[in-house]
Amino acid sequence: MKVSGSHIRIPKLGWVRMREPLRFSGKIMSATVSRTADRWFVSITVDTDDPPRRPAENQGVVGVDVGVAALATLSTGETIPGPKPHTALLKRLRRLSRSLSRKQKGSRNRARARRKLARLHARTANIRQDALHKLTSKLTSELTRRFHTIVIEDLNVRGMLANRRLARSIADMGWGEFRRQLEYKAARRGGLVVAADRFFASSRTCSACGHQLEVLPLSVRRWRCRACGILHDRDVNAARNLLAYGLAVLNGSTASSAGCQACGEEGSGGGRKAVVKPASTKQEVSFVPA
């Protein structure tokens, strides 16, 4: 495998033009050629020196609550909307899927309809990936200058996807990918991502007095604490509880702190398991019924 300017030499194919020249200099270790929809990609691994990384400027902590209505709500009250590309393109996706199903098997029209549908799926995935990179870059570059530690929930994403009423909205947000990007980008800056225990009642606990509700339906977005009377926004309250959890972990006063680190459960993942673990009652999703 050789690279010269905007061309790459692939065995058995010869020299092939690339969209852009290789950005990094160093020894080429490997290259992987892949195909998505009707486009070909080559991923090149280059052995190069690590660039200097700017460390975090302080030791602040922020709690981040993920949801469906908004991708992330910070303990500071800031809200980060999600990309929702699947929802935006759902009408076109249904039309192309119906068109494909009506074409005769083995015909050229069916192959053409299949390519159109594949391109739309690839576009949806690219929009989601691009938006998550921008959002996580904001969290890990802009906010890490203010917050050294980011506290999130260890959500059972795979189990929650078994809920047919929520699966589409959850998958459209890309929670698993959001967490993956957050962890490795924070690690680049020397930051820390703390994953709160899966059964930590972040939404049901009053962030002011610590009173905990027995139940809190997913449709309830605001609730008043029966003990101290404070009116809470569900997501902001959860983010503030995560902030308190992160501070307790850093101070060593939480029993489960040993299990909290800058990593955790993977997202929905590419692999499929034979048995899907059902979502626990802890899974507090910001679901707003239509």
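Visitor: Which residue in S3 is the bridge partner of Arg9?
Guide: That is Trp15, sitting across from Arg9 in strand S3. Strands here are DSSP E runs of at least two residues, and helices are H or I runs of at least four, numbered from the N terminus. This is a predicted model, where local features need pLDDT of at least 70, side-chain atom pairs count only at pLDDT 80 or more, and totals for chains, interfaces and linings use all residues. Residues are numbered from 1 along each chain as its sequence is written, and side-chain values use heavy atoms, with hydrogens and water left out.

Visitor: How many bridges join S2 to S3, and do they run parallel or antiparallel?
Guide: Four bridges link S2 and S3, and the two run antiparallel. Strands count as paired if DSSP finds at least two bridges between them.

Visitor: What about the hairpin of S2 and S3, which residue takes a positive phi?
Guide: Lys12 does, with phi near 75°. Three residues lie between the strands of that hairpin.

Visitor: Changing topic: in what order do the five strands of the open sheet come?
Guide: The order is S8-S7-S6-S9-S10, with mixed pairing. Strand S8 (79-80) and strand S10 (192-196) are at the edges, and each has a single partner strand, so one side of each is left without a neighbour in the sheet.

Visitor: How many bridges join S9 to S10?
Guide: Five, between S10 and strand S9 (residues 149-153), and these two run parallel. If you want a spot to click on, Ile150 stands opposite Val193 in S10.

Visitor: Which helix packs on the sheet, and what does it touch?
Guide: Helix H7 (residues 234-251) packs there, touching strand S6 (61-66), strand S7 (72-74), S9 and S10. Contact means heavy atoms within 4.5 Å. The direction of H7 makes about 135° with that of S6, using axes fitted to C-alpha atoms (for helices over the stretch in contact) and angles from 0 to 180 degrees between N-to-C directions.

Visitor: And how many aromatic pairs does the structure hold?
Guide: One. The ring centres of Phe200 and Tyr245 are 4.8 Å apart with the planes at 50°, so this pair is tilted. Rings of Phe, Tyr and Trp (its six-membered ring) pair if their centres lie within 6.5 Å; planes under 30 degrees apart are stacked, over 60 edge-to-face, the rest tilted.

Visitor: Which parts does the pair tie together?
Guide: Phe200 is in the loop between S10 and strand S11 (222-224), while Tyr245 belongs to helix H7, so the pair ties together parts 45 residues apart in sequence.
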